[in-house]
Amino acid sequence: MRLAKYLAQCGIGSRREACRLIEAGRITLNGHIARHTDPVRLGESLNCLDNIELDGTPITKTETLAYWILNKAVGTDCRLLEQDETSLIHLLPKAPRLYPVGRLDKDSRGLLLLTNDGELTHKLMHPSFAHSKTYHVRLNRPFTDEFVEQMASGVRYKDLQTLPCQVRRLSSDSFEIVLTQGLNRQIRRMSSALGYKVIDLQRVALMTLTLKSLAEGAMRSLTPQEVAVLKAAVTI
């Protein structure tokens with residue numbers, strides 16, 4: 001197994017985060033600074049036969065995989081920074097260690113998936129998989145049908161051109177949009193390029209997951225059925 005994949009399965013973060021640790025020289029494999037190309041030897045019951053350490057602390061086994069959903073409130077920062085009192089890290093349990101799958105802007109709210117399953121995180125975040133995320137958006141003023149058509153067909157801002165997406169009107173000043181891209185502040189910048197300002201942005205679904213009746217600021221573990229359905233959808 002590739003080292004980054006194994007580290008992700010150990011619950012230290014996503015595969016991308018594992019790669020950053022390797023690049024920073026913080027991972028050692030059998031006493032030597034690890035490289036991305038280093039394989040991990042696995043024995044019976046997938047026990048690791050190598051000595052792997054993070055900052056000198058042994059990584060001995062994979063954690064039990066956990067899957068939670070949070071209805072993030074405006075003002076919570078998704079970056080896991082201990083020194084930031086608004087950071088998501090202060091809302092998470094000490095165990096199991098959970099990491100957000102992607103981010104929601106500090107001034108956005110809604111569904112955030114939390115897990116230590118690095119393999120699932122990789123599949124959900126990598127742009128080649130093109131998984132859907134659904135948002136409800138309210139603008140600073142009523143918009144035209146032309147705005148809906150422009151958003152759906154793709155918007156150019158800076159040096160970017162967004163992909164076509166699904167958009168439907170919810171009211172005179174709000175709409176639903178389904179994205180498969182993950183560009184930084186994409187909806188806000190698309191709206192701004194067309195002359196509007198986002199007043200409220202809520203993620204209401206991530207593929208098969210929805211908020212249902214989960215209160216804002218609350219979190220819960222996913223049911224085994226929800227996990228199974230999500231994983232099945234990811235592999236399609």
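**Exercise 1. Find how much surface the chain exposes, and what share carbon and sulfur supply.**

Solution. The chain exposes about 12600 Å², and carbon and sulfur atoms supply 51% of it. Accessible areas here come from the Shrake-Rupley method with a 1.4 Å probe, and for residues only the protein chains shown count as cover. Keep in mind that this is a predicted model: local features need pLDDT of at least 70, side-chain atom pairs count only at pLDDT 80 or more, and totals for chains, interfaces and linings use all residues. Residues are numbered from 1 along each chain as its sequence is written, and side-chain values use heavy atoms, with hydrogens and water left out.

**Exercise 2. Work out what share of the residues is buried.**

Solution. Buried means under 20% relative accessible area (exposed is over 50%, partly exposed in between; 1.4 Å probe, protein chains only). Of the 236 residues in the chain, 44% are buried.

**Exercise 3. Locate the largest nonpolar core and the residues that touch the most other members.**

Solution. Start with the term: a nonpolar core is a set of buried Ala, Val, Leu, Ile, Met, Phe, Trp, Tyr and Cys residues joined through side-chain atoms within 4.5 Å. The largest one has 28 residues, and Val137, Phe175 and Ile177 touch the most other members. Next, look at a second, separate core of 17 residues, which includes Leu111, Leu113, Leu120 and Leu211.

**Exercise 4. List some contacts of Ile177.**

Solution. Contact means heavy atoms within 4.5 Å. Leaving aside residues up to four places away in sequence, Ile177 touches, among others, Tyr135, Val137, Met151, Val167 and Met190.
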